[in-house]
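Good morning, colleagues. Please have the sequence and the structure open before you while I speak.

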Amino acid sequence: MNREQWRPFLKRWSEEWVDAHDPEQDQPLEAEVARDRWLGFAPATAEKVAAAEARLGRALPPSFREFLLTTDGWRDAGVFIYRLAGAAELAWLADADEDSGWIEAYSDTEFYDEEEDEEPEGTILARSLRLSLEGDAAVMLLDPEDVDERGEWAAYWLASWSGSGPQRFDSFHDLMHDQYVSFHALRRPPGATRDHWDAEVERARLAALAGEVEAPLAVLEEASRFGSDRARLLRFQILTMLGDTDTVRLDRVAVVKEERAAFLHAPLFTRELLPLVYAEERQAPMWGSTTLSLLKNCGLEEGRAIALAFDPDEFDPNRLTYGNPEFDAAVHDILDRLDAGPEGSDEQTLDALWPELRAAIALWRPISEDHVAPVALRAHPALAAMITEERGREILSTRRGS
């Protein structure tokens with residue numbers, strides 16, 4: 001990434017940072033940042049960068065060198081790094097008295113897997129170049145011994161509170177982009193980037209309803225990284241239809257942040273997603289948290305009321321409403337025949353009735369503009385067994401809701 005590419009990226013980041021600033025909660029902006037809408041500084045001269053390279057004994061990697069020639073240091077690289085070093089402030093981590101403690105802290109063997117042939121993290125840190133000067137128990141580094149064919153050094157982000165070791169990136173540019181994404185995920189600043197992803201999410205929704213699967217999923221995953229709750233919600237539904245329970249449970253679509261309280265009253269949640277929450281609770285093991293337990297302990301009265309109202313003995317998936325009246329009637333007709341069959345819901349009976357459920361998808365209509373798939377079907381154990389990953393993909397590949 002050269003200076004012509006760094007400058008517009010950093011300018012956009014700066015402007016979005018200033019626009020997202022909350023004077024009631026955040027530290028005051030520095031006067032020059034507020035005036036110039038620029039988190040950086042004046043560019044380093046080529047001579048200043050060369051002097052830093054001579055002092056360090058190494059030529060700096062291309063993307064970082066070009067960064068310094070764009071801005072000699074940086075404020076607020078993400079939410080948890082407050083200052084990046086300029087050329088004259090660069091130092092090896094081992095030589096930085098105030099930060100060298102990171103090396104000892106991560107020299108314990110518990111932080112790496114010897115069977116995976118991983119290098120001890122303390123060894124990586126001991127040879128790394130420190131980039132950050134201030135942070136919230138977090139640091140950014142470059143590893144001069146991990147170099148790719150472009151001359152880029154591997155970059156690391158590490159926070160003591162993260163619960164894991166250093167997070168590796170292929171280059172300084174990739175690390176900075178990740179910090180930019182993290183800033184968006186946490187702050188959702190107004191501006192061109194948020195507008196772009198909002199538009200991309202809407203296009204992905206329409207593509208998903210038209211029967212596309214992989215392309216919308218890729219867009220929604222990236223938009224989710226940028227903090228789009230709508231993207232998370234749409235992606236959750238697609239993954240649910242594919243039976244990807246591990247990812248779905250990690251995603252926890254029942255967002256329990258205070259600003260999402262209204263969502264817990266929306267028809268999409270109460271009619272489509274809450275049955276999944278209840279079904280998960282009935283099938284939950286004795287250990288581990290469930291979505292319902294998160295709702296119970298989230299601090300929201302709405303969430304606690306939903307959790308306390310659940311009675312596993314009263315939850316009957318046969319009495320659920322599975323969508324709009326025409327689709328619901330077709331689904332219940334299938335369920336009636338499942339119950340009436342001599343073998344109940346055995347695999348042969350499920351296979352025999354699958355073509356009818358597939359045909360019924362033509363009757364399905366979304367509840368809202370955030371609804372792309374009949375996910376409530378998976379709240380019924382027999383229907384969940386019927387809809388294999390392949391059949392879920394077949395449902396998603398069908399044009400829906402027209």
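In what order do the strands of the three-stranded open sheet stand? The order is 1-2-5, with antiparallel pairing. Strand 1 and strand 5 each have a single partner strand and stand at the edges, so one side of each is left without a neighbour in the sheet.

A word on the source is due here. This is a predicted model, in which local features need pLDDT of at least 70 and side-chain atom pairs count only at pLDDT 80 or more, while totals for chains, interfaces and linings use all residues. Residues are numbered from 1 along each chain as its sequence is written, and side-chain values use heavy atoms, with hydrogens and water left out.

Now the terms. Helices (H or I, at least four residues) and strands (E, at least two) are DSSP runs, numbered from the N terminus. Two strands pair if DSSP finds at least two bridges between them.

Let us follow this sheet strand by strand. Strand 1 (residues 74-75) and strand 2 (residues 81-84) run antiparallel and are joined by two bridges. W74 stands opposite L84 in strand 2. The two strands, strand 1 and strand 2, form a hairpin with five residues between them, and D76 in the turn has a positive phi of about 55°. On to strand 5 (residues 132-135), which pairs with strand 2 in the antiparallel sense over three bridges. There, S132 is the bridge partner of L84.

I turn to the other sheet. An open sheet of five strands has the order 3-4-6-7-8, again with antiparallel pairing. At its edges stand strand 3 (91-92) and strand 8 (167-169), each with a single partner strand, so one side of each is left without a neighbour in the sheet. Strand 3 runs antiparallel to strand 4 (residues 129-130), and two bridges join them. L129 in strand 4 is the bridge partner of W92.

Finally, a helix. Which residues of helix 18 (residues 389-396) are buried, that is, under 20% relative accessible area with a 1.4 Å probe, protein chains only? They are R391, G392, I395 and L396. These residues cover an arc of only 145° around the axis, taken from the directions from the helix axis to the C-beta atoms, which puts them on the same side of helix 18.

Terms used:
Buried means under 20% relative accessible area, exposed over 50%, partly exposed in between (1.4 Å probe, protein chains only).
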